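Biologist: I should be grateful for a close look at the way the helices pack in this structure. Please take one pair as the starting point and then place it among its surroundings.

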Amino acid sequence: MNKEEILKLAAEENVQLIRLQFTDILGVMKSVSITIDQLEKALDGELMFDGSSIEGFVRIEESDMYLRPDPNTFLILPWDNPTSEGKTARMICDIFNSENEPFIGCPRHALAKVLAEAKELGYTMQVGPEPEFFMFHLDEYGQPTLETNDAASYFDMPPVDKGEDARRHMVQVLQKMGFEIEAAHHECAPGQHEIDFKYTDALKTADNILTFRIVVRTVAQMHGLHATFMPKPIFGIAGSGMHLHVSLFKDGQNIFYNEQKPDGLSDVCCYFIGGVLQHARAISAITSPTVNSYKRLVPGYEAPIYIAWSHRNRSPLVRIPARRGIGTRIELRNPDPTCNPYLALAVILKAGLDGIKNKIVPPGPVEENIYEMDLAARKEKSIKSLPENLYEAIDELRNDKLIQEAIGPHIYSRFIKAKTKEWEQYSSRIYDWEIDEYLVKF
């Protein structure tokens with residue numbers, strides 16, 4: 001859509017309020033609302049805001065920044081109840097500095113830069129996400145609890161799956177917003193759900209993930225529930241991930257596919273896997289970015305902890321789904337839905353391009369269940385582990401120049417600072433487990 005088309009549509013649909021959305025470096029959605037009278041000014045990139053108040057942006061003495069909406073992201077929000085006062089729409093924005101140049105701390109810009117690098121090689125990146133989430137009851141004060149609204153498990157149906165009504169409503173809202181939903185179902189843990197939407201180009205997928213998170217949480221509230229994308233809210237049950245299905249296209253063809261190869265995978269695909277595996281430990285800081293992320297990445301719940309790839313089994317970091325032809329892709333299994341999707345896709349693509357450029361051949365596929373291997377067997381196959389905690393992941397990021405380059409020095413320095421502070425705050429707290437373990441014993 002262009003400026004004139006948006007102004008015309010907004011007038012026809014009686015849009016009176018527009019939310020201009022963007023993310024901070026941690027992937028938290030921010031928004032400022034404008035009236036319809038300011039829409040043309042916004043589309044001309046003339047709206048300013050205080051960037052010093054946003055996590056990881058700029059200092060107070062350089063705070064003036066511009067919001068530049070992407071016209072292709074204009075959507076009328078279907079959950080608002082239209083009245084005579086009009087409807088509400090949204091647009092996702094890129095951030096520009098006071099010189100009207102792309103802001104190097106804008107996560108969306110970071111992804112666009114790596115996509116431009118891929119485009120120079122003739123590649124476009126396609127991504128399909130599988131985000132999982134929990135729904136919990138609220139207490140008498142409207143605050144979220146850890147009480148799930150069902151005791152269902154994988155693929156269960158009503159009446160066991162008591163979250164179906166809310167999940168169906170989420171699907172309906174997403175469809176009204178242009179999503180092509182491929183599957184929606186109950187996941188393994190009580191109160192856990194998954195909604196998958198069709199792959200598309202990487203930038204749009206990142207936008208869609210942010211929109212998805214807003215829709216899920218908003219609709220859950222309508223049903224008196226709290227939806228959370230926290231990776232591991234409850235000990236002893238499966239956590240929530242966001243597997244990413246990734247492929248590269250060139251001249252309209254999926255270049256991960258080669259019908260001449262026995263497994264149908266092209267050399268480009270194998271090199272891409274090699275790059276991802278080589279940089280996997282640093283990538284984890286971006287794709288699994290919270291202290292809680294590493295409570296999910298433990299044995300016993302099909303969450304990947306080993307850096308390997310496979311054609312079929314689900315214990316390695318990278319799996320190759322069975323479909324071939326246009327559907328040939330890799331499935332990266334360690335990301336979770338707390339990640340900033342722009343930065344996550346940027347580092348994955350950067351690592352894959354490094355594999356292609358330098359012809360990084362991955363180790364052979366591991367078809368055995370790695371969870372059942374002992375240390376000696378893993379060493380024999382050169383299978384390393386992902387970081388065990390956020391501190392290790394941050395340290396890996398500090399030592400990987402390529403992944404730093406993917407997000408840029410501005411985002412890198414501020415991301416490291418924010419995550420180091422998060423780890424220090426977590427490490428200095430006293431938790432119930434420590435009281436139970438040590439208070440009487442010592």
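Modeller: In this predicted model, the crossing of helix α3 with helix α9 is left-handed. Helix α3 covers residues 107-120, and its axis lies 8 Å from that of α9, at an angle of about 20 degrees. Angles under 35 degrees count as roughly parallel, and α3 and α9 are therefore described as roughly parallel to each other.

The residues that join these two helices can be named on each side. From α3 come Pro107, Arg108, Ala110, Leu111, Val114, Leu115, Glu117 and Ala118. From α9 come Tyr342, Leu343, Leu345, Ala346, Leu349, Lys350, Leu353 and Lys357. Sorted by class, the contact of α3 with α9 has 12 nonpolar and 4 charged residues, with no polar ones.

Helix α9, which spans residues 341-357, also packs against helix α5, residues 202-222. The axes of α5 and α9 come within 9 Å and cross at roughly 150 degrees. The crossing of α5 and α9 is right-handed, whereas that of α3 and α9 is left-handed. On the α5 side the contact is made by Ala202, Leu203, Ala206, Asp207, Ile209, Leu210 and Arg213, and on the α9 side by Pro341, Tyr342 and Leu345. This contact comprises 8 nonpolar and 2 charged residues, and again no polar residue. Tyr342 and Leu345 of α9 appear in the contact with α5 and also in the contact with α3.

A further pair is formed by helix α7, residues 280-287, and helix α11, residues 390-398. The axes of α7 and α11 are 7 Å apart, and the helices pack at an angle of about 120 degrees; the two are therefore oblique to each other. Their crossing is left-handed. Arg281, Ala282, Ser284, Ala285 and Ile286 of α7 meet Glu392, Ala393, Ile394, Glu396 and Leu397 of α11. By class, 6 of the residues in this contact are nonpolar, 1 is polar and 3 are charged.

Beyond the helices, the largest pocket deserves attention. Its volume is about 810 Å³. The lining consists of 38 residues, and those nearest the centre of the pocket are Glu130, Glu194, Asp196, His245 and Glu331. Strands β7 (124-138), β9 (181-186), β10 (192-197) and β13 (242-250) are the elements that each give two or more residues to this lining. The largest share, 6 residues, comes from β7. By class, the lining has 12 nonpolar, 12 polar and 14 charged residues.

Finally, one residue of a strand may be considered. Threonine 148 lies in strand β8, residues 144-148. Apart from its neighbours within four places in sequence, threonine 148 is in contact with Met135, Phe136, His137, Pro190, Gly191 and Ile234. Threonine 148 is 145 residues from lysine 3 in sequence, and their C-alpha atoms are 45 Å apart in space.

Methods: Residues numbered from 1 in each chain as written. Predicted model: local features only at pLDDT ≥ 70, side-chain atom pairs only at ≥ 80, totals over all residues. Heavy atoms only, no water. Axes fitted to C-alpha atoms, helices over the stretch in contact; angles between N-to-C directions. Helix = DSSP H or I, 4+ residues; strand = E, 2+ residues; numbered from the N terminus. Parallel < 35°, antiparallel > 145°, perpendicular 65-115°, else oblique. Left-handed = near helix turned anticlockwise from the far one by under 90°. Contact = heavy atoms within 4.5 Å. Nonpolar A, V, L, I, M, F, W, Y, C, P; charged D, E, K, R; others polar. 1 Å grid on protein atoms, 1.4 Å probe; cavity = no way out; pocket = protein on both sides within 12 Å on 5 of 7 lines; lining within 4 Å. Points joined across faces, edges and corners; volume = space filled by probe spheres on them.
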